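Trainee: Please give me a close look at one part of this model. Then show me how that part sits in the whole.

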Amino acid sequence: MATDAPPPEGSTDNRPAQPTTEAFVEAQNSAEFTELRRSHRSFAFPLTVGFIAWYLLYVLLSSYAGDFMGTVVFANFNVAFVFGLAQFATTFLIAWFYSRHATTKLDPQAAAIKSRMEADA
């Protein structure tokens, strides 16, 4: 919780002044913050839903389509093994996409909000 009280005498606290609670509420209600939330949600929610659907497809096929999942693709590798490895690949791919999205879109927006709030404090 931010406070307007100065640090105690003799304190070696060199941190910059913190914004007030009202400043945080004002920032939360700003168009900039709304855009930041929209950017995050429009990326994260569809990918999350897509990945969960992909995972549930894998589980359902493993449970109810044993013959299909047991089909040999090459050597001793079957469809279930390939789909299982694809789950890992998909996880890392989504993490990489999110990292790239955050670096290019979310971080600059968040930095702008942060610098504006620190300047006003």
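Mentor: Start with one term: two residues are in contact when heavy atoms of theirs lie within 4.5 Å. This is a predicted model; local features need pLDDT of at least 70, side-chain atom pairs count only at pLDDT 80 or more, and totals for chains, interfaces and linings use all residues. Residues are numbered from 1 along each chain as its sequence is written, and side-chain values use heavy atoms, with hydrogens and water left out.

Our part is helix α4, which covers residues 79–120. Helices (H or I, at least four residues) and strands (E, at least two) are DSSP runs, numbered from the N terminus.

Look at Q87, which is found in helix α4. Leave out residues up to four places away in sequence, and Q87 touches F51, W54, Y55 and Y58. Helix α2, residues 31–64, is worth finding on the display as you trace these partners. Buried means under 20% relative accessible area, exposed over 50%, and partly exposed in between (1.4 Å probe, protein chains only). Q87 counts as buried because its relative accessibility is 7%.

Now turn to F88, also placed in helix α4. F88 is exposed, because its relative accessible area is 56%. From the C-alpha atom of F88 to that of P46 is 18 Å. Along the chain, 42 residues separate F88 and P46.

Go on to H101, still in helix α4. H101 has a relative accessible area of 10%, so this residue is buried. Set aside the neighbours within four places in sequence, and H101 is in contact with S39, F43 and L106.

Next, use R116 and M117 as rulers toward the other end of the chain. Take E26, found in helix α1. The C-alpha atoms of E26 and M117 are separated by 9.8 Å, though their places lie 91 residues apart along the chain. E26 is exposed, at 56% relative accessible area. Take E9 next, in the segment before α1. E9 and R116 are 107 residues apart along the chain, and their C-alpha atoms are separated by 28 Å. E9 is exposed, with a relative accessible area of 84%.

Step back to the order of elements. The protein has four helices and two strands. Read from the N terminus, they run α-α-α-β-β-α. Stop at the loop between β1 (72–74) and β2 (77–78), where A75 is found. Phi of A75 is near 50°, a positive value in a residue other than glycine. Most residues other than glycine have a negative phi. A75 is exposed, with a relative accessible area of 63%.

Now the overall form. The C-alpha trace spans about 75 × 35 × 25 Å along its principal axes. The radius of gyration (taken over C-alpha atoms) is 24 Å, whereas a compact globule of 121 residues would have one near 14 Å. The globule rule is 2.2 Å times the number of residues to the power 0.38. Buried residues make up 16% of the 121 residues. Among contacts between residues at least 6 apart in sequence, 58% join residues at least 24 apart.

What about the surface? The protein exposes about 9,200 Å², and carbon and sulfur atoms supply 65% of that area. Areas come from the Shrake-Rupley method with a 1.4 Å probe; for residues, only the protein chains shown count as cover.

Last, confidence. The average pLDDT, the predictor's confidence in each residue from 0 to 100, is 89. At least 70 is the score of 90% of the residues. Among the elements, helix α2 (residues 31–64) has the highest mean pLDDT, 96, and helix α1 (residues 21–28) has the lowest, 88.
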